[in-house]
Amino acid sequence: MPEGHTLHRLAAHFDKTFGGGAVRASSPQGRFADGAARIDGRVLTESEAHGKHLFLGFDSGEWLRVHLGLYGAWSFGDADGERHLGAPRAAGGARRELLRDAEGFVVAPEPVGAVRARLVNSSGWADLRGPSACEVVTEDDKRAVQDRLGPDPLRDDADPERAWRVVSRSRTSIAALLMRQDVVAGIGNIYRAESLFRAGLDPMTPGRDLTADQWSRLWDDLSGLLRDGVRDGYIITTLPEHRPDPDARPVPRPDSLYVCYRTGEPCRVCSSPVASAELAGRTLYWCPRCQGV
């Protein structure tokens, strides 16, 4: 499941490539036909993300809400080819000439697979496949969704004290709390495990046993990691001194993470075997020595 930085990158991409212009909306698969009809021909006025939700706002006052879930993904196409955000474009060489209809919208190629929603403008198209949620909502509906979410460390309106009030009163482990979207929005399995390692926290520590200072440092580190993810397009949590080549450009590689997906491998800091266990349906990773378990 994409983590919060991906949704903020998507919002920025929609602002850049679709913002301020009319959008043709359709549902090649058919499951979003009614919703597509409501925004077809409308101008995309704003895009934003909150946690793992993407909201695309239109001049009608309505919003397209998308939650990608485990299998959802957007792909984008234009004169330079087709791609997923952050991935290389399909090989093809030179820019191609795009056909446009009488109203100036690109004539996109036939959809491949079960495309839930397709958005087209004068320069390209975006296809959505496999989301857990794809619906057109009112401003009040959007606000109701956001009111159920915890603060998103990537948003300007994020209030870490709101999350701390929940964490500091809870007997639930901090590892489980970080995965609750009503506590902190946008954190997934990777950021959860990696931030707790970097903080040196036992993941099974009850929230109420954390100090305010520990929470503040954890929040600040999560915020920084997420901002790095927005900038780079991938998750890098290791410090240069914990990589085989400290001077190498940080890109996704086997040494990009401290503990996630590394069960039984030596910790990059102390060489103890990385441990893992199921917690609330997801695999939790940690170093028993560095995290004081």
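## The largest pocket

Helix 1 gives the most to the lining of the largest pocket, with four residues. The model is a predicted one. In it, this pocket holds about 440 Å³ of space. The lining counts 25 residues. Nearest the pocket's centre lie M1, P2, E3, H5 and T6.

Which elements each supply at least two residues of this lining? They are helix 1, strand 5 (73–78) and helix 6.

## A five-stranded sheet

Strand 5 also belongs to an open sheet of five strands. The order is 1-7-8-5-6, and the pairing is antiparallel. Strand 1 (24–26) and strand 6 (81–83) are the edges, each pairing on one side only. From one strand to the next, the twist averages 15 degrees.

At one edge, strand 1 runs antiparallel to strand 7 (residues 115–120), and three bridges join the two. R24 stands opposite V120 in strand 7. Helix 1 lies across strand 5, strand 6, strand 7 and strand 8 (124–129). Its direction is at about 25 degrees to strand 5.

## A four-stranded sheet

Another open sheet has four strands, in the order 2-3-4-9. Its pairing is antiparallel. The edge strands are strand 2 (44–50) and strand 9 (133–137), and each pairs on one side only. The twist averages 15 degrees from one strand to the next.

Strand 9 pairs with strand 4 (residues 63–67) in the antiparallel sense, over five bridges. Within strand 9, E135 stands opposite R65. In general, strands of a sheet pair through backbone hydrogen bonds, either parallel or antiparallel.

## Helices across the four strands

Helix 1 (residues 4–18) lies across strand 2 and strand 3 (53–58) of this sheet. The helix runs at about 170 degrees to strand 2. Helix 1 thus has contacts on record with strands of the four-stranded sheet and with strands of the five-stranded sheet.

Helix 3 (residues 139–147) lies across strand 2, strand 3, strand 4 and strand 9. Its angle to strand 3 is about 160 degrees.

## Two nonpolar cores

In soluble globular proteins, nonpolar side chains tend to be buried together. The largest nonpolar core here has 39 residues. Those with the most contacts inside it are I174, L178, V184, W215, L218 and V259. Six elements appear among its suppliers, each with at least two residues: helix 4 (160–167), helix 5 (174–178), helix 6 (189–199), helix 7 (212–232), strand 10 (275–279) and strand 11 (282–286). Helix 7 gives the most, with six residues. A second, separate core has 26 residues, including L7, F32, A49 and A126.

What does W215 touch, leaving aside its neighbours within four places in sequence? W215 is in contact with P160, A163, W164, V167, I174, L178 and V184.

## Helix 6, an enclosed helix

Helix 6 is largely enclosed by the rest of the structure, because nine of its eleven residues are buried. The buried residues are N189, I190, Y191, R192, A193, E194, S195, L196 and F197. They pack against helix 1, helix 5, helix 7, strand 10 and strand 11.

Helix 6 also takes part in the pocket lining. Just after helix 6, G200 takes a positive phi of about 70 degrees.

## Three loop residues

Is S170 buried or exposed? S170 is buried, because its relative accessible area is 11%, and buried means under 20%. S170 sits in the loop between helix 4 and helix 5. Not counting residues up to four places away in sequence, S170 touches L177, P206, G207 and R208.

The loop between helix 7 and strand 10 holds Y261. S271 is found in the loop between helix 7 and strand 10 too. Phi of Y261 is near 65 degrees, a positive value in a residue other than glycine. Phi of S271 is near 75 degrees, again a positive value in a residue other than glycine. S271 is exposed, with a relative accessible area of 54%.

Terms used:
Residues are numbered from 1 along each chain as its sequence is written. This is a predicted model: local features need pLDDT of at least 70, side-chain atom pairs count only at pLDDT 80 or more; totals for chains, interfaces and linings use all residues. Side-chain values use heavy atoms; hydrogens and water are left out. A nonpolar core is a set of buried Ala, Val, Leu, Ile, Met, Phe, Trp, Tyr and Cys residues joined through side-chain atoms within 4.5 Å. Buried means under 20% relative accessible area, exposed over 50%, partly exposed in between (1.4 Å probe, protein chains only). Contact means heavy atoms within 4.5 Å. Two strands pair if DSSP finds at least two bridges between them. Axes are lines fitted to C-alpha atoms, for helices over the stretch in contact, and angles run from 0 to 180 degrees between N-to-C directions. On a 1 Å grid over the protein atoms alone, a cavity is a set of points where a 1.4 Å probe fits but cannot get out, and a pocket is an open set with protein on both sides within 12 Å along at least five of seven lines; lining residues have an atom within 4 Å of a point. Grid points are joined across faces, edges and corners, and a volume is the space filled by probe spheres set on the points.
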